[in-house]
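Please open the structure in a viewer and keep the selection panel at hand. The stops below proceed from individual helices to the nonpolar cores.

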Amino acid sequence: SLEAASIGFIIIIDRRRDKWSSVKASLTRIAGAFPGNLQLVFVLRPSRFIQRTIADIGIKLYRDDFKMKVPIIMLNSVSDLHGYIDKSQLTRELGGTLEYGHSQWIHHRTAIENFAMTVKTTAQMLQTFGTDLAETELPNDVQCTEELLSAHTDHHSKLKDELKLAVKQGATLLTCIREPVTRSANSKLSPDELENVATVERLLAQLDETEKAFDQFWTKHHLKLEQCLQLRHFEHDFREVKLALDNLMEAQAGFADIGDSVTRVEHLLREQKQLEEKGQEPLEKAQSLALHGEQLIQNNHYAVDSIRPKCVELRRICDDFTNETKKKYDILGKSLELHMQLDKASQWCEAGIYLLASQAVDKCQSQEGAETALVEIEKFLVTAKEHQLSNPKEFYNQFDMILTPEIKANAQRILQKLEDVQEMFDKRQVSLKKLAAKQTRPVQPVAPHPESSPKRASPKITRPA
């Protein structure tokens, strides 16, 4: 630990079964390369007589050189070492009671350093990926957005796998360090092992915090990418629906004709109905897309300012088409009623002319014939009300909104004809009433005078033009 390293180190070199050359090599290496704050070096000199003699000579020769770099104490036995260091701080091979396996310590320490490097590398990978995500510009079309979302998701999955492996590595290492305690309830971890446990737990906690921070960032980024894809789909659908609606409105604007006859108006009404049926699909798509856009807004989409105007535009066009369709139906309905009335008026005029022409002059000379003709005329005149023929002023007021110059000219012609026929009936009625009235006077016998005998004047009947 840093705290222990700041106090300094004491090195014990056990060369009881070795040679002076190995002692010299160890001291040289320590003097030149030991990285810590070295306080003292104890050397258990070789136990064989010849090597001990050589060591005594060597240490005398090199003591000054070694002392300049490393303070050295030469010891003849382990009991001499116990005079300097408590047995509780020495391992069993040095006559102490400290439970310490050097190979295991090296193994654990190497594993911990490898794990620490893994944690550091993983954190750097996450940070680099997070930076890349933050600097990514959102695409402007559906395909690129889908590709970007797929690529980022795959990269995220790989990093999550790396995180899982790192966590698994740390958990395995922690289990290995705690293995003595797990194996035996009476065992206790040494201070080194406890420190190793604390180090691994700290690294695991650091890894967990890194993962949580990355997950939070990824959740926001992934949501933004998904919302971007939703927006691109919405914009693509909007362009298609808007084009269909524009074509629909253009087709509707082309229906400017209100017809010049009953047959023509009925044809226009059928065409208008076909256009309305044709427009149902794009109108339903527009309404559905507007509803989808409003749902995106309710779900806190980041592009509210872009989505809301499009929803408003879709609903406006739908309302415009519906209102314009209603106006077209109203105008065509009015036009149909107008032409039906004009046709009825024209037919009534033709029937009236035919009636007047069919009344034989000779049959009307008698009282009975005149009265019969009057009854026929009165019955026929009653049908004018049945056909709902109105006077010109009421007619123009009723249909003023659709009277084009052509229709107005035709209406004037028919109304004039109607007025003429009505006038013909009025004259015929006057004539017939006179004939009927003459027949009712008493006849006085008068002697005939050829020169003064009255000539019967045949009633003048106005022939229809």
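The expected span of a helix is 1.5 Å times one less than its number of residues. The model to which this rule is now applied is a predicted one.

Begin by selecting helix α5, residues 102-134. Because α5 has 33 residues, it should span 48 Å at 1.5 Å a residue, and its end C-alpha atoms are indeed 48 Å apart. Next, display the side chains of the buried residues of α5: H108, A111, I112, F115, V119, T122, L126, F129, G130 and L133. The elements that cover these buried residues include α6 (142-177) and α8 (191-253).

Move on to helix α9, residues 262-298. Its 37 residues should span 54 Å at 1.5 Å a residue, and the distance of 52 Å between its end C-alpha atoms agrees with this. Center the view on Q280, where α9 has a kink of about 35°, shortly before the proline P282. Just after α9, select N300, which takes a positive phi of about 60°.

Which residues touch the most other members of the largest nonpolar core? Select L338, W348, F395, F425 and L432, which do so within this core of 32 residues. At least two residues of the core come from each of α10 (304-358), α11 (367-386) and α13 (405-438). The greatest contribution is that of α13, with 11 residues. Now focus on L338: leaving aside residues up to four places away in sequence, L338 touches F395, F399, I402, L403 and I407.

For the final stop, select F238, F255, A303 and V304, which are among the 22 residues of a second, separate core.

Methods
Residues are numbered from 1 along each chain as its sequence is written. This is a predicted model: local features need pLDDT of at least 70, side-chain atom pairs count only at pLDDT 80 or more; totals for chains, interfaces and linings use all residues. Side-chain values use heavy atoms; hydrogens and water are left out. A nonpolar core is a set of buried Ala, Val, Leu, Ile, Met, Phe, Trp, Tyr and Cys residues joined through side-chain atoms within 4.5 Å. Buried means under 20% relative accessible area, exposed over 50%, partly exposed in between (1.4 Å probe, protein chains only). Helices (H or I, at least four residues) and strands (E, at least two) are DSSP runs, numbered from the N terminus. Contact means heavy atoms within 4.5 Å. The bend at a residue is the angle between axes fitted to the seven residues ending there and the seven starting there.
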